[in-house]
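Notebook, ring pairs and one helix crossing. I wanted to look up how the aromatic side chains are arranged before anything else.

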Amino acid sequence: MCEAAGRCGGCGEAPVRRRAVPACSHPQPCVKCGDGPAAVVIRIGDAFCRSCFREYFVHKFRAMLGKNRVIFPGEKVLLALSGGMASSAMLRQVQEGLSRETAKRLRFVPGLIYIDEGAVCGQSLVQREQTLTRMEALLQETGFPYYLASLEQALELPGSVLRRGPGGNSEPSPSYKEAVEGFIQQQRQEEASGDGGTSPTGLSTQDGPTGDSHACLPTAALTEELLRLFDAAETLTAKEELLQMLRSHLLLHTARTQGYTKVMTGESCTRVAIKLLTNLALGRGAFLAVDTGFVDSRHGDVTVVRPMRDYTAKEIAFYNHFFGVPTIITPPLHAKRREKTSIHRLMENFLLGLQVDFPSTISTVYRTGEKLSVAPAEANSELQRCLLCLCALDIAGEEELALEPTLVKEETGNGAESRAAFIPLLCYSCRLTFKEMGPPDTLPPYVRTEAQRRNCRALMKQQIQEFLLEDDEEEPGGS
Amino acid sequence: ELLPLSVCKWKPGGAELLFDGVKKHQVTLPSQPEPWDIRNLLKWIKQNLLKERPELFMQGESVRPGILVLINDADWELMGELDYKLQDQDNVLFISTLHGG
């Protein structure tokens, strides 16, 4: 039996089965310092005391950011907070990291955003108001600028949110090291000249995406429209995908309009492992690296970063409990009784269940996922990116798709707004999700607008195709 | 014999919906010939405190995967999990890690 199976991830031996620790009245000593009583078991055999655990936890965050070097000093970073455990722990790590007085201080400028998804999670107006009030108090405590949004606002997004922004490849940007050195120099100059400068923790302005800072609910009409959209989705799986899509578009839009170049989301290692297998089942195998990796640059100008992806849900829960990290838990996506479960929940139950008897399950899935890398830069033309998820269109031979005949049949066809008009704009898995969503007129306006725009351009391009000069570098059919 | 007096607490969010919205239960377990361990405590909880949908909290004789158990603020893995023998005034805390983050 391979003792180190938990760490080597795939040596061909049978996985280590959990052996129950014999009950003993004397507390074990911490494996790290040998001093304090062990309080939590991190990996198989690693029992840490509270203070060693805290050190381990805090160090991991800084190591994650330091190793990857994508967040430049002075950069504006939007933290996406759900009130849940992982994103709350992430917020705490950012606060801790910024407050250090040493040269090792984190140097970026954070903003916070909370999206009220209460409408689709079955919360009443009163409950939503209560949650918002508590959340606002939490955000205000931090002193960082914050934004309170509601999922309903996704219905008012512009079509441009589905278009990739200018990427970082156009201008040569300074190397990370140069940027840090430049920043430190600038700070020294400011201090020397008596100019206090702005410390990241001193910002206290609060704005909303529309300029208001108070917790207020969207109009009933907008909520109704949102509920109609979700009710029209036939399966819980499609609803989950829809929710993630709207959330990510809203985050992106806020980041763009408020000048943030990075967005931090709180996916834990557990969440990443579940997402890896779920997305595989959803037909997103080609995009696993982007969907779950540390860096997600599909949007071009705004990069999504996942700094919590190395922490298990257990580590986060213990950290929050030991060190008083406040959380505001809201119910998950509302599922009607008659609905079957979603692929997401199925996969969660599967992995967590397996993890009980085989404690290296989650880490093995996660580590295998880490070996995936993002495909080299794809074509810039928007015609080759999925309308909804902005990943490269992975459909080569459309004739092979069994979906197509069934979709075309359902439509009496009014041309531009028929389902069939959307299909060529979507990647394989988005087509599957789309098939389970309601009729196109329930879709958010920005999706319909952008789809129309792209179809018009495609048509135009077709019409002038013969007059276009062939671009030799372009690969036929895209990557 | 001594009656173990335990305090069972639930971390807010999700799980307390199963327990009638009550976050903290102070329980006095009746004396019985079998020793009170976590295994028996869970059985007792299922019978006496769980209001609905027990499968959201328990699976078989243990807690559902994704629910953490802390005994006196320490990981139950350090105490023998289901075999841990409860002592007077012990504190048992359940934290759900499902649907969060």
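I looked up the aromatic pairs and found 12 over all chains. I took rings of Phe, Tyr and Trp (its six-membered ring) as paired if their centres lie within 6.5 Å, with planes under 30 degrees apart stacked, over 60 edge-to-face and the rest tilted. Phe57(A) and Tyr311(A) have ring centres 4.2 Å apart and planes at 35 degrees, so I entered the pair as tilted. This pair links distant parts of the chain, 254 residues apart: Phe57(A) is in helix H2 (residues 50-68), and Tyr311(A) is in the loop between strand E8 (303-305) and helix H10 (313-322). Helices (H or I, at least four residues) and strands (E, at least two) are DSSP runs, numbered from the N terminus.

The model is predicted: local features need pLDDT of at least 70, side-chain atom pairs count only at pLDDT 80 or more, and totals for chains, interfaces and linings use all residues. Residues are numbered from 1 along each chain as its sequence is written, chains are lettered from A and ligands numbered from 1 in the order written, and side-chain values use heavy atoms, without hydrogens and water.

I then checked for charges over rings (NZ of Lys or CZ of Arg within 6 Å of the ring centre and within 35 degrees of the ring normal). Lys60(A) lies over the face of Tyr311(A), 5.1 Å from the ring centre. Lys76(A) has its charged end over the ring of Tyr260(A), 4.7 Å from the centre.

Last, I noted that ring pairs join a cluster whose members include Phe48(A), Phe57(A), Tyr311(A) and Phe323(A).
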